[in-house]
Amino acid sequence: MRRVMAVFDVDPFYADKFAEFVNQKETVPFTAVPFTSLERLKEFANEEPVELLLAGDEVEAAALQEVKAEQIVRLSETKGEQAEIPTVYKYQASDGVLREVMACYQVRETAEPLTLIGARSRIVGVYSPVGRCGKTGFAVTLGQVLARDSRVLYLNLEEFSGFGRLLGSEYEGNFSDLIYYYRQGEYGRMRLGSLVYSLGGLDYVPPVSFAEDLAVMDGVETAELIDRMARENGYDVVILDPGHFLRNVEAILALCDVIYSPVKEDVVSEAKMEEWRHYLEVSGRMKLWEKVQIMKLPRQMVPDSRRDYFEQLLWGDMGDFVRELTGRSGRSAR
């Protein structure tokens, strides 16, 4: 049985466009159906269960009570408006509306697992014991290239990623919240959906606010969370970009189907890679080394600005390197 999100607004353009946006998000567990007529909505709800109803604030509360819906979220034209039922500001980016709606829905999320039937996501790790080797730039560029024809989720697990600073973004939630939900037994697709942002078609969860949050869970527990995300959330690819603050990072890397390991062209980088390989050998983890692909990335130019950093990588030598690596060779037109 499909799970229905009804979108009821007197503006047919808004209802149609938002429903279309939701239905294009294959990782969202709802089918969105737009309505501009209350009578049509009531008829539909009598025939098919409506799990979530989004209703414009022009509609009177008494009228909504006549609609059979498990939960209602208001679409308000005013920011910060207080209401008895969950309210979301409607005139913001569609992904922002959807993220807030899913956060509202979480308040009453059931314990029933919201799983997708299908294959586990392919997990790609980008990790190196060598510092300042360009691995995050490579990981994000890889994600953006793959996202052109696949559903991709990027998870930065570094203690100080600089991600928000580079994008000039402030986030209402991040991976720290995901850790909290998981440890409280409250993780689910809705929880994840309320924390997902997008960059050039690439979905990502903002990195932790405080480095200490990464040390709350050991590597095995973090790996369990990531494995669940890969199995339940409908992504084709999950890209992991771990740092050095994680406990037992090898448990997380063991999930990966492939591990790209950027290095520099110097004796120190070579020594660090040899040391890591020796550690994996003596600790009985050489199967993990078999997944490692050591690579030397193209020389990165100094970006003109912070906010354009990832875009410059995508359309520069790094983007060409990734497109060739993934079989999408050639510099694409913007």
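# A tour of ring pairs, salt bridges and one sheet

Begin by selecting Phe321, which counts as partly exposed, at 24% relative accessibility. The structure on the screen is a predicted model, and each stop below should be read with that in mind.

**Ring pairs**

The structure contains 17 aromatic pairs. Display Tyr127 and Trp276 as the next selection: the ring centres are 5.2 Å apart and the planes stand at 65 degrees, so this pair is edge-to-face. Which parts of the chain does the pair of Tyr127 and Trp276 tie together? Tyr127 belongs to the loop between β6 (122-126) and α5 (135-146), whereas Trp276 belongs to helix α11 (residues 267-282); the pair therefore ties together parts that are 149 residues apart in sequence. Tyr127 is buried, at a relative accessible area of 6%, and Trp276 also counts as buried, at 6% relative accessibility.

Now return to Phe321 and add Phe138. These two rings form an edge-to-face aromatic pair, with 6.4 Å from centre to centre and 65 degrees between the planes. Distant parts of the chain are linked here, for Phe138 sits in helix α5 and Phe321 in helix α14 (residues 317-325), 183 residues apart. Is Phe138 buried or exposed? Phe138 has a relative accessible area of 0% and is buried, whereas Phe321 is partly exposed.

**A cluster, and charges over rings**

Select Tyr154, Phe163, Tyr171, Tyr197, Tyr204, Tyr309 and Phe310 together; these residues form one aromatic cluster. Keep Tyr197 in view and add Arg99, which lies over the face of the Tyr197 ring at 3.5 Å from the ring centre. What lies over the face of Tyr14? Select Lys90 to find out: Lys90 lies over that face, 4.7 Å from the centre of the Tyr14 ring.

**Salt bridges**

Turn next to the charged side chains, among which the structure holds 19 salt bridges. Select Asp227 and Arg120, whose side chains meet in a salt bridge at 3.4 Å, N to O. This pair links distant parts of the chain, with Asp227 in helix α9 (residues 219-232) and Arg120 in the loop between α4 (94-106) and β6, 107 residues apart. Asp227 is buried, with a relative accessible area of 19%, while Arg120 is partly exposed, with 27%.

Move to Lys135 and Asp241. Their side chains form a salt bridge of 2.2 Å, N to O. Here too distant parts of the chain are linked: Lys135 lies in helix α5 and Asp241 in strand β10 (residues 237-242), 106 residues apart. Lys135 is buried, at a relative accessible area of 8%, and Asp241 counts as buried, at 0% relative accessibility.

Go back to Asp227 and add Arg231. The closest N and O atoms of this salt bridge are 3.0 Å apart. How many residues separate Arg231 and Asp227 in helix α9? Because the two are 4 residues apart in that helix, they are separated by about one helical turn. Arg231 is partly exposed, at 46% relative accessibility. Adding Asp257 to the selection completes the view: Arg120, Asp227, Arg231 and Asp257 are linked in a network of salt bridges.

**The sheet and helix α5**

Switch to a cartoon view for the last stop. Strands of a sheet pair through backbone hydrogen bonds, in a parallel or an antiparallel manner. In this model, 7 strands form an open sheet with mixed pairing, in the order β8-β9-β7-β10-β6-β11-β12. Which strands stand at the edges? They are β8 (197-199) and β12 (292-296); each has a single partner strand, so one side of each is left without a neighbour in the sheet. With direction ignored, neighbouring strands of the sheet are turned by 25 degrees against each other on average.

Select β6 and β10 within the sheet: they run parallel and are joined by 4 bridges. Val124 can be picked out opposite Ile239 in β10. Finally, show helix α5, which packs on the sheet and touches β6, β7 (152-157), β8, β9 (202-205), β10, β11 (258-263) and β12. The direction of α5 makes about 170 degrees with that of β10. Two residues from earlier stops can be highlighted on this helix: Phe138, paired with Phe321, and Lys135, bridged to Asp241.

Conventions
Residues numbered from 1 in each chain as written. Predicted model: local features only at pLDDT ≥ 70, side-chain atom pairs only at ≥ 80, totals over all residues. Heavy atoms only, no water. Phe/Tyr/Trp six-rings, centres within 6.5 Å; stacked < 30°, edge-to-face > 60°. Buried < 20%, exposed > 50% of the residue type's maximum accessible area, 1.4 Å probe, protein only. Lys NZ or Arg CZ within 6 Å of the ring centre and 35° of its normal. Salt bridge = Lys/Arg side-chain N within 4 Å of Asp/Glu carboxyl O. Pairing = 2+ DSSP bridges. Axes fitted to C-alpha atoms, helices over the stretch in contact; angles between N-to-C directions. Contact = heavy atoms within 4.5 Å.
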